[in-house]
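Here's a quick walk through a single protein chain, written for someone who likes to check things in the viewer. Have the sequence and the 3D view open as you read.

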Amino acid sequence: MKVKLDVSPELRDAVAAELTSRGIELDEDAPYVLTERGRFAEALTLRDAETNARVIVRAGELITLEAFGHSVEARSARGVFLSNEPLYRLQARLDPEKFLRVSNSVIVARAAIERISPALSMKFTLTMRDSRRVDVTRSYYYSFKEALGI
């Protein structure tokens, strides 16, 4: 079995040794991720959309994460990056105080929201730092309002 390890640097060596002694192989491309409870990723390993090279993107750089089928497109000021990890897994790895789910297919960084405009039928339209517009759907309307205190 292969797993990707996402734990604090202080625990990494001890956990890695324990897993390998039990026959579990560590692999950055593994389908399973072992994370430390209560720990959120400081960075994500993604693929550059143009070169397909693996790139480490700090969580603070992210503006939006949007799912398109089985692929997730992460946008930052540096460019567009891709991940095959499902959106719900990426959401679980990101700090909920800094990232909000606004639809079934989009997560936004709170710090990257420039403008919130009300729309018809219990929706909001967000203008992000990169000038893209993202809709908060009706399903996420109340949780979005509560998270931002509006």
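What follows goes from confidence, through the sheets and the helix, to a couple of residues worth clicking on.

## What kind of model this is

Keep in mind that this is a predicted model. Confidence averages a pLDDT of 91 over the chain, and 99% of the residues score at least 70. Broken down by element, the lowest mean pLDDT belongs to strand β3 (residues 32-35), at 81, and the highest to β10, at 97.

There's one annotation to have in mind too. UniProt lists residues 53-150 as "domain: HTH LytTR-type", in an unreviewed entry. Over that stretch the chain comes out as 15% helix and 50% strand, with the end C-alpha atoms 40 Å apart.

## The three-strand sheet and its helix

Start with the open sheet of three strands, ordered β2-β1-β3 with parallel pairing. β2 (25-26) and β3 are the edge strands, each pairing on one side only. Four bridges hold β1 and β3 together in the parallel sense, and Lys4 stands opposite Val33 in β3.

Helix α1 (residues 9-21) lies across β1, β2 and β3, running at about 165° to β1. α1 has 13 residues and spans 19 Å from its first C-alpha to its last, close to the 18 Å expected at 1.5 Å a residue. After α1 comes Gly23, with a positive phi near 85°.

## Lys4: a lysine on the inside

Is Lys4 buried or exposed? The residue sits in strand β1 (residues 2-6), and Lys4 counts as buried because its relative accessible area is 8%, below the 20% cut-off.

Who's around it? Setting aside neighbours within four places in sequence, Lys4 is in contact with Asp27, Glu28, Ala30, Tyr32, Val33, Leu34, Thr45 and Arg93. One of these, Val33, is also the residue opposite Lys4 in β3.

## The seven-strand sheet

The other open sheet to look at has seven strands in the order β5-β4-β8-β7-β6-β10-β9, with antiparallel pairing. Why is one side of β5 and of β9 (99-103) left without a neighbour in the sheet? Both stand at the edges and each has a single partner strand, so there is nothing beside them in the sheet on the other side. From one strand to the next, the twist averages 35°.

At the β5 end, β4 (residues 43-48) and β5 (residues 54-58) pair antiparallel over five bridges, and Leu46 has Val55 in β5 as its bridge partner. The hairpin these two strands make has five residues between the strands, and Asn52 there takes a positive phi near 65°. β4 also pairs with β8 (residues 79-83), antiparallel over two bridges, with Arg47 standing opposite Leu82 in β8. Further along the order, three bridges join β6 (residues 62-68) to β10 (residues 106-109), again antiparallel. Leu65 stands opposite Ile107 in β10.

## The β12-β13 hairpin and Ile116

Now move on to β12 (residues 123-128) and β13 (residues 133-136). Four bridges join these strands, which run antiparallel, and the bridge partner of Leu126 in β13 is Val134. Four residues lie between the two strands of this hairpin, and Ser131 in the turn has a positive phi of about 75°. β13 has two distinct faces: Val134 and Val136 are on the covered one, while Arg133 and Asp135 are on the uncovered one.

Ile116 is a good residue to click on next; you'll find it in strand β11 (residues 113-119). Which residues does Ile116 contact, leaving aside its neighbours within four places in sequence? They are Phe124, Thr125, Leu126, Phe144 and Leu148. Leu126 is the residue whose bridge partner in β13 is Val134. Ile116 and Thr127 are 11 residues apart in sequence, and their C-alpha atoms are 6.5 Å apart in space.

Even with those contacts, Ile116 isn't buried: its relative accessible area is 35%, so it rates as partly exposed. Lys4, at 8%, falls in the buried class.

Methods
Residues are numbered from 1 along each chain as its sequence is written. This is a predicted model: local features need pLDDT of at least 70, side-chain atom pairs count only at pLDDT 80 or more; totals for chains, interfaces and linings use all residues. Side-chain values use heavy atoms; hydrogens and water are left out. Two strands pair if DSSP finds at least two bridges between them. Buried means under 20% relative accessible area, exposed over 50%, partly exposed in between (1.4 Å probe, protein chains only). The expected span of a helix is 1.5 Å times one less than its number of residues. Axes are lines fitted to C-alpha atoms, for helices over the stretch in contact, and angles run from 0 to 180 degrees between N-to-C directions. Contact means heavy atoms within 4.5 Å. pLDDT is the predictor's confidence in each residue, from 0 to 100. UniProt positions are given in the numbering used here, feature names are shortened, and annotations may be inferred rather than shown by experiment.
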